[in-house]
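Dear colleague,

Here is the structure I promised to hand over, with its sequence. My notes on what turned up in it follow below.

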Amino acid sequence: MGVINILDKHVAELIAAGEVVERPASAIKELIENSIDAGAKNITVEIKNGGTTFIRVNDDGCGIMKDDVKNAFLRHATSKVEKETDLDSISTLGFRGEALASISAVSKLQLITRYKDEQIGTCYEINGGEEVSFLDAGCPVGTTFIIRDLFYNVPARMKFLKKDVSEGNAVSSVLDKSALSHPEIAFNYIKDGKQALRTSGDGKLKSAVYSVFGREFALGMIPVNYSLNGIKVWGYISKPSQVRPNRNLQNFFINGRYVKTKTASAALEEAFKGSIMVGKFPSCVLHLEISFEAIDVNVHPAKVEVRFLNERPVFDAVYHGVKSSLLSYDSKKGIVLNKPASVYDIAAKKPFTVPTSFLKNNNPFGVNAENHKNINNKNDYNPFDELDLQDNNADKISKPGKTSNSIPGKPAFFSDTDCENPVKNKNYGSDKIGIGNVNEGQTEIKGYFDFLDETNTLDTKLSQSDSNINDNSYENSYDNTDKLQENKDHRDDVIKPFINADEPVFRYIGEAFKTYIIIEKNNKELLFIDKHAAHERIIYEKLKREKGAGFSQILLKPITVTLSMEEYNAAVNNLDMFKECAFDAEDFGNGVLIIRSAPSYLDESDIADSVTEMAQHIAENKKDIRSEKMDWIYHNVACRAAIKAGNDSTEKELIEIAKIVDSDPNIRYCPHGRPTCIVISKYEIEKNFGRV
């Protein structure tokens, strides 16, 4: 007897259903596509418990004729395709005739429908692929599917379903993409008795974007409308300032169908190259209208991938469409550098009026008061426009009554003594080579030790000894040098007892390339420390040791972070992880987290990116090992919070980092494995210079 078995109808349907209906979201996707093909203008989706126990999809489309109701649930029964050539130009979302058969095979399904030309509707019930009832029913034109107990007869598939929250978020993702693909349809999504999404159906894509992603995301978009080689590209792209750390919010639609296309994604990112930082990705909601004959949509079971007859025209259309919109956006942005504030900028509500009495009596610049009695009538007036500080106009701008030794162009609030020789009187030094000139009125010359503690008695006494240096002659500059050296030696002798002999002696040399700290240690070696790598490791160790305690800072204005549904699901199921990393994150609903507190090291601009990257990593991590996820989160927070290479840092900060690196054996490498410090001994340097 042969070993090949012919499966019966029921088993074959269960196997086939697994290809189409993977989870509640995939069943809802198929039903929504049928509603769109039926010409619906309003679609309502309701679920309970993530869709595992209850699903309702209602539309106001054309409905199903009574004679076609039973045939609709037969496998490979469809109204979209009649002959082989129809597969070359598919214009509908559904066409295979497998959706209803697959869904009814694994659930308890009830259909209530009425065709537009019929006076009475039909109610049809089918459980596990077996008919239960077929009755007339009173109902409006359109179709309603009610699905209960999905996978009740397939325990093997039921046990692989995720938590209700995860399944519900997957349904939300389907609704989001459906709303963006057809802004002319009003979608209403009810989740466990609460409205989760509602779109206006006004036909404006911006309205759908606003409803799905929120106000902040919608305001950060640039419109695109472009045609090339018979391909039309329209929609919205994110501004260069609103990019994200991943591609999860890149949405492409071809002929009203949501698809994943590497060709369009590559063209989008190529167009943004040079406008955004490396490692950042633009978001988009882009529609492509292409000839039906130029694409093949029958290459993926879930119909989310397509094959192009020629990919180059698609790439070019997307690239040039996005590029032209970016160039147009850049040209419209006004760039104003060092714009002086006018009197109207300072007080926009009450225009500033300069009193005539002030111009007559307190006018250091000689502005003609008679010509400017009412500045309110001159919108572009700038009181400094008429100033002329050239020497030949000194008589016009000098204060009346001053003697001839007044400095030309000098405002009256400067005294003659200050202006005659500002360098001499302000103790800026001398232009001669040497120590410089010190005037009799000067009480002290402040050096490094003086600024350690202004109230220190020791420094006060030393500064008094320095005040005796009062020789203005260039010839005695070397004597002054000797006196300063004596004072320095005296200071060193007094301070030495206060230095702990057990601690290493650090001398801060400087900072190279705004990145590398240079420290001389014990007069024996030089330390070259990467400030970013070192600071990153310091923060990482502290986060890991204290689990984020003490790092959180309440934000003055909470920040909302828009996530893809996969990221959102990962985040809401792991909010405690964010808490341990000093993020107070709450579920704000509909794919949005609200952040009320964050690590104190992070800049406001980095908070959203950090949360997004954390959510993405948790969503992509296949191993449910808490320590691995937390370790990555600590890495991420530490990297973003650390001092950045190239940024300005204070000497005090850099010295403190150097001390920690030298004293803590754990701070040898950054969390990514790069060394934090390189040590060069004095012997090595002297050897290279031939001194040893």
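Isoleucine 276 has its place in the loop between α8 and β13, and in this predicted model its C-alpha atom is separated by 9.5 Å from that of lysine 239, although the two residues are 37 residues apart along the chain. Leaving aside residues up to four places away in sequence, isoleucine 276 touches Pro240, Val243, Phe281 and Pro282.

The two elements that flank this loop both belong with an open sheet. Five strands form that sheet in the order β9-β10-β13-β11-β12, and the pairing is mixed. Because β9 (221-228) and β12 (257-259) stand at the edges with a single partner strand each, one side of each is left without a neighbour in the sheet. From one strand to the next the twist averages 20°. Within the sheet, β11 (residues 250-254) and β13 (residues 284-289) pair in the parallel sense over five bridges, with asparagine 251 standing opposite valine 285 in β13. Helix α5 (residues 164-181) packs on the sheet, where it touches β11, β12 and β13, and its direction makes about 55° with that of β11. Helix α8 (residues 262-272) also packs on the sheet, touching β10 (231-238), β11 and β13, and the direction of α8 makes about 125° with that of β11.

On the interior, the largest nonpolar core has 54 residues, and those with the most contacts inside it are Ile32, Val45 and Leu175. Valine 45 touches Ile28, Ile32, Arg56, Val57, Leu175, Asn188, Tyr189 and Ile190, again not counting residues up to four places away in sequence.

Helix α5 returns in the surroundings of another helix, α18 (residues 565-572): seven of the eight residues of α18 are buried, so this helix is largely enclosed by the rest of the structure. The buried residues are Met565, Glu567, Tyr568, Asn569, Ala570, Ala571 and Val572, and they pack against α5, α19 (575-580), β20 (584-589), β21 (592-599) and α20 (604-620).

There is also an open sheet of four strands, in the order β16-β17-β18-β22 and with antiparallel pairing. Here β16 (506-512) and β22 (677-681) stand at the edges, each with a single partner strand, so that one side of each has no neighbour in the sheet; the twist averages 20° from one strand to the next. Strands β17 (residues 516-521) and β18 (residues 525-530) pair in the antiparallel sense over six bridges, and isoleucine 518 stands opposite phenylalanine 528 in β18. Helix α17 packs on this sheet through contacts with β16, β17 and β18, its direction making about 75° with that of β18, whereas α22 touches β16, β17, β18 and β22, and its direction makes about 115° with that of β16.

These two helices also meet one another. The axes of α17 (residues 531-546) and α22 (residues 651-663) come within 10 Å and cross at roughly 65°, and the crossing in which α17 passes α22 is left-handed. On the side of α17 the contact is made by Lys531, Ala534, His535 and Ile538, and on the side of α22 by Leu654, Ile657, Ile660 and Val661. By character, the residues of this contact divide into six nonpolar, one polar and one charged.

With best wishes

Terms used. Residues numbered from 1 in each chain as written. Predicted model: local features only at pLDDT ≥ 70, side-chain atom pairs only at ≥ 80, totals over all residues. Heavy atoms only, no water. Pairing = 2+ DSSP bridges. Axes fitted to C-alpha atoms, helices over the stretch in contact; angles between N-to-C directions. Contact = heavy atoms within 4.5 Å. Left-handed = near helix turned anticlockwise from the far one by under 90°. Nonpolar A, V, L, I, M, F, W, Y, C, P; charged D, E, K, R; others polar. Core = buried A, V, L, I, M, F, W, Y, C linked by side-chain atoms within 4.5 Å. Buried < 20%, exposed > 50% of the residue type's maximum accessible area, 1.4 Å probe, protein only.
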